[in-house]
Amino acid sequence: MLSNEEKKEMLFDAHNPARKEMFAKARRAGVNSLHSPDEYIKFLRGIQKVFGPFKYGRGKSTTGKNLI
């Protein structure tokens with residue numbers, strides 16, 4: 001559940017002209033946000049074929065307020 005402050009932040013972001021332009025630019029470039037997680041993983045595997053395996057660390061990830 002989002003707090004009232006988080007809701008206000010999301011509404012503020014939604015009315016930001018620069019943010020709207022970023023989404024419009026993505027639409028014009030043909031970026032589709034309706035892809036499934038499986039399609040995204042397939043895309044990442046294709047990128048790995050081109051650039052090689054991704055480097056990763058075994059260290060602990062420090063994160064802040066994660067909502068998802």
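1. Element order: reading from the N terminus, the chain goes α-α-α. That makes three helices and zero strands, where helices (H or I, at least four residues) and strands (E, at least two) are DSSP runs, numbered from the N terminus. Keep in mind that this is a predicted model, in which local features need pLDDT of at least 70, side-chain atom pairs count only at pLDDT 80 or more, and totals for chains, interfaces and linings use all residues. Residues are numbered from 1 along each chain as its sequence is written, and side-chain values use heavy atoms, with hydrogens and water left out.

2. Overall dimensions: the radius of gyration is 17 Å, against near 11 Å for a compact globule of 68 residues. It is taken over C-alpha atoms, and the globule rule is 2.2 Å times the number of residues to the power 0.38. The C-alpha trace spans about 40 × 35 × 20 Å along its principal axes.

3. Burial: just 3% of the 68 residues count as buried (under 20% relative accessible area; exposed is over 50%, partly exposed in between; 1.4 Å probe, protein chains only).

4. Two residues to look at: Leu2 sits in the segment before helix H1 (4-14) and is partly exposed, because its relative accessible area is 33%. Asn66 lies in the segment after helix H3 (37-51), and it counts as exposed because its relative accessible area is 53%. Asn66 and Ser36 are 30 residues apart along the chain, and their C-alpha atoms are separated by 22 Å.
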